[in-house]
Number of protein chains: 2
Amino acid sequence: MSETSRVIKCADFRWEGVAVTGYKPDPVLFKDVTRQTIVGERAGEEAAGILTRYFEIAPGGYSTLERHEHRHVVIVLHGRGTVRLGERTHDLAPYDAVYVAPHAVHQFRAASAEPLGFVCVVERVRDKPVPVAETETGG
Amino acid sequence: MSETSRVIKCADFRWEGVAVTGYKPDPVLFKDVTRQTIVGERAGEEAAGILTRYFEIAPGGYSTLERHEHRHVVIVLHGRGTVRLGERTHDLAPYDAVYVAPHAVHQFRAASAEPLGFVCVVERVRDKPVPVAETETGG
């Protein structure tokens, strides 16, 4: 398939033609996270340098506490939660942006009574995340 | 300044510490568009490969009809409008995504009674947009 422009319609935070998948194979280090890759994985888009993903964390859930060299740019679309960046934890509300710099320890959590849904943009060529222990900080 | 992780809080589609600027120097080819670069232009972020910008088009306004080699990934945050991609025009509503492939002629328009606010992600290293005439299509 050639690389073509397109609109990907959204309804209830599900994008048309985009599969909702698990977050990572490891079931222990995170809780209740789903992933949709909105743009960048379709046939014909292999040359695009950017992947645009949407993650949704159910109430009380969280992503893996991890670090990696590649950067994250996150825009919250709905819900409430927090992000841990190094030793600090910040509240998140819709449209807040998060920049995760190289090697920063980070973790996203949904509030106990609300989901947290956010777009996370990364460069296609990137290193593999490394889980870190709760006691480790930095970045 | 070193490259550090951070949260950029948002209130009413204005991000903390981010300047609201004009869209382009040319005042003729577009109407009522503002730009905020949320992530990627701050000191210390020069190595980041991605720029994350927010554009807001006032009711009845529009961006330049243009083409370029670099790709756009757009996520609508609020309002209503349309995007022209080549010869076709598509309605846009919140959270719809748009992928603008290389060299596609494109233009965003707000609805007559609503603004259109969207995040637009690009690779930092990119070519300069070329305005095109109304009669030209493609992509």
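**Exercise 1.** Determine how many salt bridges the rule finds across the interface of chain A and chain B.

*Solution.* Step 1: apply the criterion, a side-chain nitrogen of Lys or Arg within 4 Å of a carboxyl oxygen of Asp or Glu. Step 2: across the interface of the two chains, this rule yields four salt bridges. Step 3: consider one pair, A:K9 with B:D96, whose closest N and O atoms are 2.5 Å apart.

The model is predicted: local features need pLDDT of at least 70, side-chain atom pairs count only at pLDDT 80 or more, and totals for chains, interfaces and linings use all residues. Side-chain values use heavy atoms, without hydrogens and water; residues are numbered from 1 along each chain as its sequence is written, with chains lettered from A in the order in which they are written.

**Exercise 2.** State the area buried between chain A and chain B, and which three residues of chain A supply the most.

*Solution.* Step 1: buried area is the accessible area (1.4 Å probe) that two parts lose on being put together, summed over both. Step 2: the value for chains A and B is about 3300 Å², with 63% from carbon and sulfur atoms. Step 3: A:S5, A:Y95 and A:Y99 supply 21% of the area that chain A buries against chain B, more than any other three residues.

**Exercise 3.** Identify which strand of chain B pairs with strand 11 of chain A, and in which sense.

*Solution.* Step 1: strands are DSSP runs (E, at least two residues), numbered from the N terminus, and two of them pair if DSSP finds at least two bridges between them. Step 2: strand 11 of chain A pairs with strand 1 (residues 6–8) of chain B, antiparallel, over three bridges. Step 3: within strand 1 of chain B, B:I8 stands opposite A:A97.

Technical notes
Helix = DSSP H or I, 4+ residues; strand = E, 2+ residues; numbered from the N terminus.
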